[in-house]
Amino acid sequence: MTHNVNCVTHQAQTLRMSLELNPAKFVTARFHGNIPIVLCAPHGGAPSKEHERMFREREDGDNVVKKGDLRTQELLQKIDQCINEQFHGKKAYIVRLDIHRKYIDCNRDGNDGAFNSDCDLAKQVWRYYHQCIETCVQNAREDYPSGRIL
């Protein structure tokens, strides 16, 4: 009986860790919009103990900015809200990174200080963010061939 309890406990811990380390946990995306606009926020969120535990701070280098942008997340939400109100319920496609820029900056190339190269999770999140943009752009182009990325 003890073996079964230990096995279930181990499985629960493994599941919790896999959910914790899932890149999708750190990216908010709306893959289906109904207006030909893709809104992106390549970094944001406040530094947290969870992020501090899971990510390594980006290395210093040429033009590496680690200070957070003021209100990046809020600006994206406000633009989305305005589109919705001004265009009678329209929703843009959205990709938003929910991690402070000192850990990941998706504005940067993956080989140019976007994340700490020793942090596999940061690399996975960076890659997932850009895959989400590609998916949104592809969906927008299929639905609206003249769409724009903002």
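**Exercise 1. A charged residue inside the protein**

Find Asp105 in this predicted model and work out which side chain of opposite charge is nearest to Asp105.

*Solution.* Start with the location: Asp105 sits in the loop between strand 3 (93–97) and helix 4. Next, look at its cover: Asp105 is buried, yet has no salt bridge. The nearest side chain of opposite charge is that of Arg101, 4.2 Å away. A salt bridge needs a nitrogen of Lys or Arg within 4 Å of a carboxyl oxygen of Asp or Glu, so the distance of 4.2 Å to Arg101 does not qualify. Finally, list the neighbours: leaving out residues up to four places away in sequence, Asp105 touches Pro42, His43, Arg58, Ala114 and Trp126.

**Exercise 2. The overall plan**

Let us step back. Write down the order of helices and strands along the sequence of the protein.

*Solution.* First count the elements: the protein has four helices and four strands. Then read along the sequence, and you get α-β-β-α-α-β-α-β. Now check how much is covered: 37% of the 150 residues count as buried. The accessible surface comes to about 9,500 Å², and carbon and sulfur atoms hold 51% of that surface. As a last step, turn to the contacts with a separation of 6 or more: residues 24 or more positions apart account for 81% of them.

**Exercise 3. Strand 3 and its partners**

Decide which strands pair with strand 3, and whether each pairing is parallel or antiparallel.

*Solution.* Begin with strand 1 (residues 27–30), which pairs with strand 3 in the antiparallel sense over four bridges. Within strand 1 and strand 3, Arg30 stands opposite Ile94. Move on to strand 2 (residues 37–41): four bridges join strand 2 to strand 3, and these two run parallel. Here Cys40 has Val95 of strand 3 as its bridge partner.

Now sort the side chains. In a regular strand, side chains alternate between the two faces of the sheet. In strand 3, Tyr93, Val95 and Leu97 point one way, while Ile94 and Arg96 point the other way. Five of the five residues of strand 3 are buried, so the strand is largely enclosed by the rest of the structure.

One more neighbour of Tyr93 is worth a look. Asn139, in helix 4 (residues 120–143), is in contact with Phe31, His32 and Tyr93 when neighbours within four places in sequence are left aside. Asn139 has a relative accessible area of 13%, so it counts as buried.

**Exercise 4. Rings that meet**

Work out which residues form an aromatic cluster with Phe55.

*Solution.* Start from the total: the structure holds three aromatic pairs. In one of these, Phe55 and Tyr103 form a tilted pair, with 6.2 Å from centre to centre and 35° between the planes. Phe55 lies in the loop between helix 2 (49–54) and helix 3 (72–86), and Tyr103 in the loop between strand 3 and helix 4, so the pair ties together parts that are 48 residues apart in sequence. Both Phe55 and Tyr103 are buried, with Phe55 at 4% relative accessibility. Add Phe26, and you have the cluster: Phe26, Phe55 and Tyr103.

Then widen the view. Beyond its neighbours within four places in sequence, Phe55 has contacts that include Ile99, Ile104, Cys119, Leu121, Ala122 and Val125. Between Phe55 and Ile99, 44 residues apart in sequence, the C-alpha to C-alpha distance is 9.7 Å.

**Exercise 5. Salt bridges**

Say how many salt bridges the structure holds, then describe three of them.

*Solution.* The structure holds five salt bridges.

- Step one: Glu50 and Lys25 meet through their side chains at 2.4 Å, N to O. Glu50 is in helix 2 and Lys25 in the loop between helix 1 (2–20) and strand 1, so the pair ties together parts 25 residues apart in sequence. Glu50 is partly exposed at 28% relative accessibility, and Lys25 is partly exposed at 39%.
- Step two: Asp80 and Arg30 form a salt bridge at 2.9 Å, N to O. This pair links distant parts of the chain, with Asp80 in helix 3 and Arg30 in strand 1, 50 residues apart. Asp80 is buried at 9% relative accessible area, whereas Arg30 is partly exposed at 23%.
- Step three: Arg108 pairs with Asp112, their closest N and O atoms being 3.4 Å apart. Arg108 is buried at 13% relative accessibility, while Asp112 is partly exposed at 42%.

Conventions: Residues numbered from 1 in each chain as written. Predicted model: local features only at pLDDT ≥ 70, side-chain atom pairs only at ≥ 80, totals over all residues. Heavy atoms only, no water. Buried < 20%, exposed > 50% of the residue type's maximum accessible area, 1.4 Å probe, protein only. Contact = heavy atoms within 4.5 Å. Areas by Shrake-Rupley, 256 points an atom, 1.4 Å probe, with all protein chains shown as cover. Lys, Arg positive; Asp, Glu negative; His and termini not counted. Phe/Tyr/Trp six-rings, centres within 6.5 Å; stacked < 30°, edge-to-face > 60°. Pairing = 2+ DSSP bridges.
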